[in-house]
Amino acid sequence: MTAHAAPPDRPPRSGAELCAQVAELAEEAERQSRDGVSESAPMESALVESALVESALAGKIADDLAEAVGPAAEQERLLVVDRLERLREALAALALGIARSHGRLAWFLARAGIVLAPVLQWRAPGTDQVQASGGIVLPTPDEISDAEDAVRRLHSALTRTSTAAVGPQAGPPPGPTAVT
């Protein structure tokens with residue numbers, strides 16, 4: 001197996017919306033996959049098996065993300081504290097996925113966790129939890145919605161990953177796989 005140079009690990013752009021950062025991350029991961037971060041050698045069957053395991057794990061993580069953060073209309077009916085709890089559940093699903101994966105999937109999940117890290121600093125209105133600096137970070141409704149949309153984009157990207165490795169019989173959606 002010949003490894004190709006991986007793109008530099010750029011820190012997330014400051015000030016950019018979480019959803020836009022996740023879209024950029026998904027596009028970069030898809031570009032890596034298309035360009036072939038590694039070339040298969042005589043161990044082709046082991047690589048296929050590894051791809052199937054990675055595909056199954058990506059599908060499981062996608063399911064966990066969908067369970068944590070539901071459709072926008074459903075999420076918006078919840079209290080802020082419940083929305084934050086669900087976002088943190090999504091981060092927990094990412095962390096568990098990182099622990100169970102390696103290679104490109106681990107890289108992708110780790111970068112997604114970095115993008116969503118601000119969620120860990122947010123507090124629900126009315127909570128008495130004060131950060132060490134003495135301030136409470138209250139997310140705006142737009143910030144919460146943006147983070148939820150970012151989780152939905154991750155779900156979509158991971159779902160495509162899980163169906164792409166299974167092969168044409170499972171039928172990934174036709175056309176480009178870029179996140180929209």
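**Confidence.** I began with the pLDDT of this predicted model. The protein chain has an average of 78, and 68% of its residues score at least 70. I then looked up the extremes: helix 4 has the highest confidence, at 95, while strand 1 (residues 2-3) has the lowest, at a mean of 40. Residues 1-8 have a pLDDT below 50; I noted 15 contacts for this stretch in the model, beyond near neighbours in sequence. Residues 38-43 also stay under 50, and the model gives them 9 contacts beyond four places in sequence.

**Nonpolar core.** Which residues have the most contacts inside the largest nonpolar core? I found L65, F108 and L158, in a core of 36 residues. At least two residues of this core come from each of helix 1 (18-35), helix 2 (44-68), helix 4 (80-100), helix 5 (103-116) and helix 6. I followed F108 further: apart from neighbours within four places in sequence, F108 touches L25, A26, A29, L154, A157 and L158.

**D146.** I next turned to helix 6, residues 141-164, where D146 is found. Is D146 buried or exposed? I recorded D146 as buried, and without a salt bridge. R153 is the nearest side chain of opposite charge, and R153 is 7.4 Å away. I therefore noted that this distance is beyond the 4 Å limit for a salt bridge.

What does the side chain of D146 reach? I found the backbone nitrogen of L18 at 2.7 Å. The backbone nitrogen of C19 is 3.1 Å from a polar atom of the D146 side chain. Setting aside neighbours within four places in sequence, I listed E17, L18 and C19 as the contacts of D146.

Definitions and conventions:
Residues numbered from 1 in each chain as written. Predicted model: local features only at pLDDT ≥ 70, side-chain atom pairs only at ≥ 80, totals over all residues. Heavy atoms only, no water. Helix = DSSP H or I, 4+ residues; strand = E, 2+ residues; numbered from the N terminus. Buried < 20%, exposed > 50% of the residue type's maximum accessible area, 1.4 Å probe, protein only. Lys, Arg positive; Asp, Glu negative; His and termini not counted. Polar contact = N/O pair within 3.5 Å; in protein donor to acceptor, adjacent residues only side chain to side chain. Contact = heavy atoms within 4.5 Å. Core = buried A, V, L, I, M, F, W, Y, C linked by side-chain atoms within 4.5 Å. pLDDT = per-residue confidence, 0-100.
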